[in-house]
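Hi everyone, thanks for making room for me today. I'd like to walk you through a few helices and how they sit together, so here is the model on screen.

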Amino acid sequence: MTDQARDDIDACFRNARDLLRAAKRLLEDEKLPNISFHLAVLALEEVGKAVMLGTRDIMRAVDGETIFVDKRLDDHVFKLFWALWTPCLARGNVSSKEFESLRGLARSMHEDRLGAMYVAPDREAGEAALQEMDDQRVRQVVELTEARLGMETSRDWQTIDLGAGSIMRWFLDATNDPEKRNLIFGQKAFDQLAELGQMREWMAWLKEQFDQAEVMGRENLQRELARVVPDWDERGEPKWQVAIRLFSYGQSIRNKAIRSWNGRPTWIRMSPVQNDSSAVDVEFTYHETVPVEALAPMSYRAANMFVASMNVGSLGGFWWWQRAEQTEKFYQRLTDLKAAPGMKIALNMHAWPKFEWRREALDDSSLRRIGLCFGMIARLERPVYQAVIEAYLTGLALIGKSDLHLNFAPQAAERFATCLLEAMRHFGAWDGTDAGILTAISGFFRPLFKQPEDEQELIDLLRQLRQPSLNAADVTLEKAAILKFFCDVYLVKRFEMMAGDIAAEAAR
């Protein structure tokens with residue numbers, strides 16, 4: 001252990017002793033149980049902090065990764081929990097139920113301390129201004145803290161083996177892995193700890209489980225790589241399922257429409273997200289004809305095609321992989337120190353003029369349109385897909401990444417303009433010149449414009465966005481959304497025509 005860590009731990013212990021001495025005096029001599037309870041709980045926090053600092057020093061010696069402890073050093077509840085839990089862990093007899101019970105105890109001690117120390121300004125009629133602590137409860141906490149302080153001051157951190165092959169080093173490495181940590185602190189692992197009764201034996205058992213799982217995973221991957229993939233015509237049995245979650249800023253999907261979609265013979269299924277009507281889970285099923293080395297690129301391309309189809313088929317909606325954060329607020333809390341109690345204030349800012357996406361629930365006809373788009377996008381040749389659909393997806397990504405700190409609306413608008421013009425070029429409506437934009441736009445969109453100046457405004461915007469040096473001062477999110485809508489309308493109409501041609505060809 002480093003000298004700095006030892007000094008910090010000793011300082012925590014000294015502070016805990018001082019807090020305990022003051023807590024006893026205030027309880028016995030001054031008859032102030034509330035303040036005594038407050039100090040006793042703070043002393044227990046210092047004990048927990050000391051253990052955390054020792055753990056952090058060990059983790060730093062192993063691999064330098066200490067964020068797990070660092071971000072919890074100011075967490076009152078976690079420090080109390082750490083002080084309560086470490087003796088149970090050391091004795092090697094901890095059930096999952098006891099683990100949760102100790103977390104609840106730590107939380108209640110912290111809340112009781114606050115309730116006993118600070119007057120509640122917004123309390124209900126008849127509710128006490130302070131939570132009254134009885135002497136017996138305070139003495140229990142004082143005695144508990146004294147016991148924990150005595151145990152920790154006798155701990156010998158130097159005896160912990162942190163050698164490269166030691167079980168403790170493996171355990172610390174494993175708990176730094178989020179996936180392994182979830183398994184380590186799961187019910188099965190706690191039950192095994194209770195059965196074995198010894199911490200070191202439990203760590204060895206955990207390592208054996210993870211080692212076996214790694215061997216099995218490696219063997220399974222080798223078998224998969226060596227698997228003879230059936231001919232594409234044979235397809236084989238379903239083998240892979242890849243699920244994604246999409247979010248919308250304003251649209252939702254009716255459950256009836258989802259059931260109708262899933263009722264069709266399709267390899268893509270949807271399911272609603274509980275308590276979030278503006279999100280949907282989409283699951284893709286792949287058969288044995290897809291080898292493992294092709295699964296990632298194939299599934300990612302299919303997911304991108306579906307995202308594009310959701311957006312085009314929704315005609316003006318916005319669906320993406322995640323919601324942007326901090327689009328209006330940069331702060332966590334804002335307080336008016338001179339306002340009346342309970343009054344709240346909010347300052348909403350925007351990186352662009354405020355704009356709301358189209359709000360509606362997608363129905364069965366919307367999903368049929370999305371299915372049409374997916375089928376037709378899959379038929380586009382690669383150069384067309386890159387010029388049209390990838391430009392469209394980049395526009396979506398730029399909007400999805402825009403927030404209060406970075407505004408990508410001009411770049412998104414440029415991508416949607418490129419998508420629209422390249423689609424018109426592909427389908428023979430645009431000759432590739434600035435002069436030809438007028439003919440292309442008026443020939444297709446004129447019935448949609450309410451005012452003649454709306455058509456000219458779109459033409460001017462498309463020409464502006466084609467310039468090598470983009471003047472982005474007046475290109476807002478609203479203009480990007482308008483361009484997206486024109487892309488949606490144009491692509492849906494062209495996809496309908498493509499589907500009609502395909503049906504006519506099949507009927508011959």
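Let's take helix H13, residues 364–377: its 14 residues should span 20 Å at 1.5 Å a residue, and the end C-alpha atoms are indeed 20 Å apart, so the two agree. Do keep in mind that this is a predicted model. Which residues of H13 are buried? Ser366, Leu367, Arg369, Ile370, Leu372, Cys373, Phe374, Met376 and Ile377 are, so you'll spot an arginine in that list as well.

Now over to H15, which runs through residues 409–426. With 18 residues, H15 reaches 26 Å from first C-alpha to last, close to the 26 Å expected. Its buried residues include Phe416, Leu420, Leu421 and Met424, along with Ala409, Pro410 and Cys419. And what do the buried residues of H15 pack against? Four helices: H14 (382–401), H16 (434–445), H17 (452–465) and H18 (477–507). After H15 comes Gly428, with a positive phi near 80 degrees.

Two of those partners also pack against each other. The axes of H16 and H17 are 10 Å apart, at an angle of about 140 degrees. The two helices are therefore oblique to each other, and their crossing is right-handed. From H16, Asp434, Ala435, Ile437, Leu438, Ile441 and Ser442 take part, meeting Glu455, Leu458, Ile459, Leu462 and Arg463 of H17. Sorted by class, that contact has 7 nonpolar, 1 polar and 3 charged residues.

That's my tour, and I'm happy to rotate the view for anyone.

Technical notes. Residues are numbered from 1 along each chain as its sequence is written. This is a predicted model: local features need pLDDT of at least 70, side-chain atom pairs count only at pLDDT 80 or more; totals for chains, interfaces and linings use all residues. Side-chain values use heavy atoms; hydrogens and water are left out. The expected span of a helix is 1.5 Å times one less than its number of residues. Buried means under 20% relative accessible area, exposed over 50%, partly exposed in between (1.4 Å probe, protein chains only). Contact means heavy atoms within 4.5 Å. Axes are lines fitted to C-alpha atoms, for helices over the stretch in contact, and angles run from 0 to 180 degrees between N-to-C directions. Angles under 35 degrees count as roughly parallel, over 145 as roughly antiparallel, 65 to 115 as roughly perpendicular and the rest as oblique. A crossing is left-handed if the near helix is turned anticlockwise from the far one by less than a right angle, and right-handed if clockwise. Ala, Val, Leu, Ile, Met, Phe, Trp, Tyr, Cys and Pro count as nonpolar, Asp, Glu, Lys and Arg as charged, and the others, Gly among them, as polar.
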